[in-house]
Amino acid sequence: LFAFFVVMYSVSSVNEGKYRTVSDSIKAALNPVNSTPSSRLPFAVGDAKPQMINPDMSSANEPVIRRMKEIMKKIHPSLALEMPDIKIIETGNGTIMISLPESILFASGEARIRPEALPFLKSLAQILIEMDRHVRILGHTDNVPIRTAQFPSNWELSAVRAVMVVRIFSELYEVPISHLSATGFADSKPIATNDTPEGRTKNRRVEIIILEKSLTEETLDSMLPRNGPPAQPL
């Protein structure tokens, strides 16, 4: 009888650690803790959906920027020395700016496109057509006055240069004219000092602004270069 009761007692022994764990789990399930919510604002399941759906514009532009850099590697030999001065700048909101020094496109004091630049502009136009975005061409000069019969001031020179790039894109390479606009800024928006020859060279440029589709003209105006250090190129 004694052996029988010993066996029965050992069988009926409960592992207190396992029992306590199971017991606490059951209590928690039957009596959930009412914790204070971290935010008093209502939460909607779809609130974060746009961020999940919309791609990052920087990553979306990477293939385009790579293609532009490939185009620059194939630039005409007579323009190759100017290639380091070509800058592709991404503003961070999907807009791309290509800054071209004067000497890539024009002779000094002229607004006629250099023939050597046409293959470059043609390849660039093909990308613009594929992207199907609005494009603004901005002409800039240094502060050295120009007074000719064709260009009474730097305002006319910068504006005509911007218009010439627009005409090349639209009339020769079929970029939709509705997607193009041209503006001349003369020397009103320098990116370097006009007190040195090097600074004046940097200021004589044409900028091709490829807008992100959702941007408006007013938004772009706030992004135009201002006096001060230039943006860092990619």
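**Sheet pairing and salt bridges**

Strand 3 (residues 135-140) and strand 4 run parallel and are joined by five bridges. Strands here are DSSP runs of E with at least two residues, helices are runs of H or I with at least four residues, and both are numbered from the N terminus. Two strands count as paired if DSSP finds at least two bridges between them. V135 has L180 in strand 4 as its bridge partner.

The model is predicted, so local features need pLDDT of at least 70 and side-chain atom pairs count only at pLDDT 80 or more, while totals for chains, interfaces and linings use all residues. Residues are numbered from 1 along each chain as its sequence is written, and side-chain values use heavy atoms, with hydrogens and water left out.

Strands 3 and 4 belong to an open sheet of five strands. The strand order is 1-2-5-3-4, and the pairing is mixed. Strand 1 (87-90) and strand 4 (180-184) stand at the edges. Each has a single partner strand, so one side of each lacks a neighbour in the sheet. Neighbouring strands are turned by 20° against each other on average, direction ignored. Axes are lines fitted to C-alpha atoms, for helices over the stretch in contact; angles run from 0 to 180 degrees between N-to-C directions.

Helix 7 (residues 154-172) lies across strand 3, strand 4 and strand 5 (205-210). Contact means heavy atoms within 4.5 Å. The helix runs at about 165° to strand 4. Helix 7 also holds both R167 and E171, four residues apart, about one turn of the helix. These two side chains form a salt bridge, with the closest N and O atoms 2.9 Å apart. A salt bridge is a side-chain nitrogen of Lys or Arg within 4 Å of a carboxyl oxygen of Asp or Glu. R167 is partly exposed at 43% relative accessible area, and E171 is exposed at 52%. Buried means under 20%, exposed over 50%, and partly exposed in between (1.4 Å probe, protein chains only).

The salt-bridge count comes to seven. E102 pairs with R204, the closest N and O atoms being 3.0 Å apart. E102 lies in helix 5 (residues 102-105) and R204 in the loop between helix 8 (197-203) and strand 5, so the pair ties together parts 102 residues apart in sequence. E102 is buried, with a relative accessible area of 10%. A network of salt bridges links E102, D142, R161 and R204.

R114 and E116 also meet in a salt bridge (3.7 Å, N to O). R114 is partly exposed at 22%, and E116 is partly exposed at 24%.
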